[in-house]
Amino acid sequence: MSSRPSALRPRALRPLILPALIALALVSPVALAQQPPAQQAQAVAGYREPVAELKAIVDAARAPQLSLSPRRDLVALQKIPPLPSIALVAQPELKLAGLRLNPRSYSPSRFSFASDVWLMDVASGKEMRIDGLPQPLSLAAVSWSPDQKYLALNQLDPNTGGNELWLVDVGSRKARKLLDQPLNTISGGGIRWMPDSKRLLVNVRVGLGGAPAAEIVPSGPNTQETRGTGSVRQLRTYQDMLRNESDARTLEHYLRVQPALVGVDGKVATIGKPDLYVGLAPSPDGRHLLAQRIERPFSYVVPMSFFPRRIDVLDLSGKVLHSVAKLPLFEGLPSGNDATITGVRSIGWRSDAPATLVWAEAQDGGDPSKQVDIRDHVLMQAAPFDQSPTVLAKLANRYAGAEWGRGDVALISEYWWKTRKVRSWQVAPDAPATAPKLVFEGSSEDRYNDPGNPVTTRDANGFSRLQFSPDGGSIYLIGDGASAEGDRPFLDRWNLADGSKQRLFRSEAPTYSAVAAVLDDSAGKLLITRESPTEPVNFYRVDLAAKSAPVALTNFPHPTPQLKDVKKEQIRYKRKDGVELTGTLYLPPGFEPGRDAPLPLLMWAYPAEFKSAAAASQVTDSPYRFNAISYWGPHPFLARGYAVLDDPSMPIVGEGDKEPNDTYLPQLIASAEAAIDETVRRGVADRNRVAIGGHSYGAFMTGNLLAHTRLFKAGIARSGAYNRTLTPFGFQAEERNYWDARDTYQTMSPFNYANKIKDPLLMIHGEEDNNSGTFPIQSERMYAAVKGLGSTARLVMLPKESHGYRARESILHMLAETDAWLDEHVKNAKPTAAAPAAAAK
């Protein structure tokens, strides 16, 4: 799901360092497999490393990241180093109110930093080094000034606790430390340029004496109470909540900051007094600040985003000019994925006006079960904020965001998750009485008819605005270009008056090209990425008017040349109810179907819910994309002689008023059967040597397929959930709570059918998983059930890891465990006589 809805097509939305690395216990997978289970558990006391060919994939170099300058003629390239060590990942981390933070650096917990930064001229591809950078370089953020004269750097060293502000003079290409005081970047957006390009808005650390002492001797019990309200409020199973008053005081310490303006000359001007700021944004005219601060009472059951907050407009001294809202504590929402809070939400500055606030307010009490014509109002209020807010739009669905252009053109989007309906409107914000113009209506599931996303550019103040054609009559759209032949990204010019479109660019086979940026107002010059199955992603400059060949700006090498000859094919097949399915089939170098014996197959999938069988049947991805062999998915096992079917469609369809999950199991099984049948038909897969795997909801799928079929020789389930009664207020796309859909929750829970799991199941889970719904206890209880019922399973709990694994040692161990499991139970499995094509239980 996109983190930011399109304006044309919204989408529903550590003080101590370990003294040394833990010693590695290098155990041969073959030797391990020959040991009794009890001895295996004792033998693997430390981290394991996989075979050399898998280790090489983990340590493959990463391509630099690019950040385009405001004038679109320079890019800043950042080198991202290999995976961090477990010593770094194991540093102290606080878990408070849904946040995970580094108490030494007063920053969000993260372990990937840029170790180098340099500049490149877009016209010539010439690279330019920067002098005076801090060493060792460890960048958390890079930010261009609106006038492009400076590059602000947030240097964050988790080893020392440093959280520093540095400045690069682009003209001289020299860096210097700009501020002696340490920053606090836990909340509030990190570093932000003021529109004048002369000052940076930052949060300075306060309370240098240290956090309040943890409570060692309890002062009493921690008590919660609820009084009956008569209404149902959905409470998701959030992780890392506050547990007691000691936690609450610690949270206040780390969130309390001193806002300040730091000039490029190093002068500092503080803004008001320290407070619990969670947001601070300058207006386009640079004269106002939109401030959001949380307040007591805090909650033990919801994250900080639902805490009471005060929303104000401040002047640059910190004086309150206008009080926008005081929001209460929201402990739970009405049922349904379209539920929302009441009062002001999604507030921000209109980017094309000096100082105008825009926000949404629910008109249905935030309750999707209420039958009303208008769900949301979009409101505006301009400085000096002495007039009542103006209603800019009345929406029948939920507000999904806006793209601002100028006084007569803005795009406002709405969505409704229940039906997947999406709409976009063209409005005139300077004339709000003007009737809005519907410019798009469709389904968020319908990729084939996605018109694309509006192209935006940064204005002189550094704010994002729609990019207009030179005559002002058109804007530009970039889209994936999904079709029955796969994705073919495009760039369109869209006439605002009559809605006509002109296609300016489209990716052509046998390569995959996508527009990264439009470099001029006429869209004649583009920055694109180009790749092919054997050529990694690189950046090119394109001159459409000259009709010349693209000019390469980068030449990133193949990260895994040893697997360059992997074959990839996008395959189509049907399941028995007629739904068309898609998957990407990968074959090891040198393998030829028909000539060579069928291979063991690893399928890796993630189910998705749909309201339309037609949408579920649409082709996804492209056969011309680079064969990226990442350590994270199933692709490494191509190096071990497996065929891989990546992302085979597992659609769960519920058309009309039908709920998809009410028929989850038969649809899931039918999709799995169809995928196996197709790979066997092609002479690729040995039906008796197929494994299924997935991460998160894919692990849940894996548990269900092993519990309800004998299609697979083994399963690999990472960071999954298996008992839906532990997520009683919804999961994934399921809107109903357990008490409203008890049979569905019970039927979908593989834990309830652990006695039917007869094929080996490997479960891997981070001990500190923070994902809502995938508590580590899910894997622990599932393993205990399978073990107690006498079947084969293995549970690997990775220390200091969350929902996604970060440390190099953890990734290597994950691959070693998976390789050994597949070798024993799949690759070297004894063939079964006359196995049926599908053996549902």
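Student: Which residues of H10 are buried?

Tutor: Happy to look at that with you, keeping in mind that this is a predicted model. Helix H10 covers residues 776-788, and what covers its buried residues includes strand S46 (761-766) and strand S47 (793-798). The buried residues of H10 are Pro776, Gln778, Ser779, Met782, Ala785 and Val786.

Student: How far apart are the end C-alpha atoms of H10?

Tutor: Let's start from what a helix of this length should give. H10 has 13 residues, and at 1.5 Å a residue they should span 18 Å. The model agrees with that expectation, because the end C-alpha atoms are 19 Å apart.

Student: Which residue just after H10 takes a positive phi?

Tutor: Follow the chain past the end of the helix, which is at residue 788. The phi there is about 85°, and the residue that takes it is glycine 790.

Student: Which residues of strand S42 are buried on its two faces?

Tutor: In a regular strand the side chains alternate between the two faces of the sheet. Strand S42 spans residues 643-646, and both of its faces are covered. On one side the buried residues are Ala643 and Leu645, and on the other they are Val644 and Asp646.

Student: Which strand runs parallel to S42, and which residue there has aspartate 646 as its bridge partner?

Tutor: S42 is joined to strand S39 (residues 580-587) by 3 bridges, but that pair runs antiparallel; in it, leucine 585 has leucine 645 as its bridge partner. The parallel pair is made with strand S40 (residues 599-604), through 4 bridges. Aspartate 646 of S42 is the bridge partner of tryptophan 604.

Student: Which helix gives the most to the largest nonpolar core?

Tutor: That core has 55 residues, and those that touch the most other members are Met603, Leu645, Tyr664, Met701, Leu705 and Phe712. Leucine 645 has contacts that include Met603, Trp604, Ala675 and Thr679. With 8 residues, the helix that gives the most to this core is H7 (residues 664-681).

Student: In what order do the 4 strands of the open sheet lie, and which are the edge strands?

Tutor: Strands of a sheet pair through backbone hydrogen bonds, either parallel or antiparallel. Here the pairing is antiparallel; strand S2 (residues 74-79) and strand S6 (residues 116-121), for instance, pair over 6 bridges, and tryptophan 118 in S6 is the bridge partner of leucine 77. The order is S1-S2-S6-S7. Each edge strand pairs on one side only, and these are S1 (65-68) and S7 (127-128).

Methods. Residues are numbered from 1 along each chain as its sequence is written. This is a predicted model: local features need pLDDT of at least 70, side-chain atom pairs count only at pLDDT 80 or more; totals for chains, interfaces and linings use all residues. Side-chain values use heavy atoms; hydrogens and water are left out. Two strands pair if DSSP finds at least two bridges between them. The expected span of a helix is 1.5 Å times one less than its number of residues. Buried means under 20% relative accessible area, exposed over 50%, partly exposed in between (1.4 Å probe, protein chains only). Contact means heavy atoms within 4.5 Å. A nonpolar core is a set of buried Ala, Val, Leu, Ile, Met, Phe, Trp, Tyr and Cys residues joined through side-chain atoms within 4.5 Å. Lists of a residue's contacts leave out its neighbours within four places in sequence.
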